[in-house]
Amino acid sequence: MPEARLENGVPQTGGWFVVNARDARWMHDDMRAVCRFGGEGAAHFDQLGIGLYWIRPGQAMSMYHHHEAGQEDFLVLRGTALLIVEGRERPLAARDVVHCPPRTPHTIVATGDEAALILAVGARVERGSARYPADETARRHGAGVDRDTASPAEAYARFEPPRPGPAPDVF
């Protein structure tokens with residue numbers, strides 16, 4: 001297997017590679033800063049997605065959602081957070097791991113005085129399998145939709161489009 005060609009920390013071709021998280025592509029919006037390590041086309045991670053999320057206190061990692069296929073797992077690397085799962089709340093701290101089997105609605109909201117850094121890993125079983133169920137607990141934390149939808153554009157409509165930016169100052 002050849003080494004992938006990187007441009008600005010993003011793989012442009014398929015293959016193996018090494019990139020430091022501070023040198024990878026970070027996207028920022030009014031919710032979070034996120035680094036997803038895969039690229040597009042041949043450089044897309046077809047089997048496993050991996051990302052880092054830097055979430056400011058009171059902000060959510062994502063809109064409350066679940067996947068019809070494929071599990072997601074999260075490791076809190078820094079800070080404190082609140083897991084909202086199946087309409088319930090569970091506090092999280094550094095080194096806590098969250099496992100969400102398929103069809104488990106969830107999101108994570110940063111709490112405390114500093115941003116949370118969370119590693120996310122998810123199986124890539126079926127593209128477009130995300131669903132955004134309406135949930136009062138998630139809405140109360142600013143992370144829920146008003147009505148069920150399968151449209152990411154609808155679920156994230158109130159947020160600004162992501163823009164490239166620097167890695168958070170944690171590395």
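In which loop is Glu-86 found? In this predicted model, Glu-86 is found in the loop that lies between β8 (80-85) and β9 (88-93). The backbone of Glu-86 takes a phi value near 50 degrees, which is positive in a residue other than glycine. With a relative accessible area of 45%, Glu-86 is partly exposed, because this value falls between the 20% under which a residue is called buried and the 50% over which it is called exposed.

The two strands on either side of this loop run antiparallel and are joined by six bridges. Within this pairing, Ile-84 has Glu-89 of β9 standing opposite. Both strands belong to an open sheet of three strands, arranged in the order β9-β8-β11 with antiparallel pairing. The edges of this sheet are taken by β9 and β11, each of which has a single partner strand, so that one side of each is left without a neighbour in the sheet. On average, and with direction ignored, neighbouring strands of this sheet are turned by 25 degrees against each other.

A positive phi is also found at Arg-103, where the angle is about 65 degrees although the residue is not a glycine. Arg-103 is placed in the loop that links β10 (97-100) and β11 (106-111).

Strand β10 is part of an open sheet of seven strands, which follow one another in the order β10-β7-β12-β5-β4-β3-β14 and pair in the antiparallel sense. At the edges of this sheet stand β10 and β14 (163-165), and since each has a single partner strand, one side of each is left without a neighbour in the sheet. The twist from one strand to the next averages 25 degrees in the seven-stranded sheet. In general, the strands of a sheet pair through backbone hydrogen bonds, in either a parallel or an antiparallel manner.

Within the seven-stranded sheet, strand β3 (residues 26-28) and strand β4 (residues 33-36) run antiparallel and are joined by two bridges. These strands, β3 and β4, make up a hairpin, with four residues lying between them. Met-27 has Val-34 in β4 as its bridge partner. Strand β4 also pairs in the antiparallel sense with strand β5 (residues 48-55), and this pairing extends over four bridges. Here Arg-36 is matched with Gly-51, its bridge partner in β5.

The cysteines were considered next. The structure holds zero disulfides, a disulfide being counted where two cysteine sulfur atoms lie within 2.5 Å. Cys-35 has a relative accessibility of 0% and therefore counts as buried. Cys-100 likewise counts as buried, because its relative accessibility is 2%; the cut-off for this class is a relative accessible area under 20%.

On the surface, Met-1, Trp-16 and Val-18 make a nonpolar patch of about 420 Å². Of the residues in this patch, Met-1 lies in the segment before β1 (6-7). Met-1 counts as exposed because its relative accessibility is 79%, and the exposed class begins over 50%.

How values were computed:
Residues are numbered from 1 along each chain as its sequence is written. This is a predicted model: local features need pLDDT of at least 70, side-chain atom pairs count only at pLDDT 80 or more; totals for chains, interfaces and linings use all residues. Side-chain values use heavy atoms; hydrogens and water are left out. Buried means under 20% relative accessible area, exposed over 50%, partly exposed in between (1.4 Å probe, protein chains only). Patches are made of residues with over 30% relative accessible area and no salt bridge: like charges are joined within 9 Å, nonpolar side chains (Val, Leu, Ile, Met, Phe, Trp, Tyr) within 5 Å. Accessible areas come from the Shrake-Rupley method with a 1.4 Å probe; for residues, only the protein chains shown count as cover. A salt bridge is a side-chain nitrogen of Lys or Arg within 4 Å of a carboxyl oxygen of Asp or Glu. Two strands pair if DSSP finds at least two bridges between them. Axes are lines fitted to C-alpha atoms, for helices over the stretch in contact, and angles run from 0 to 180 degrees between N-to-C directions.
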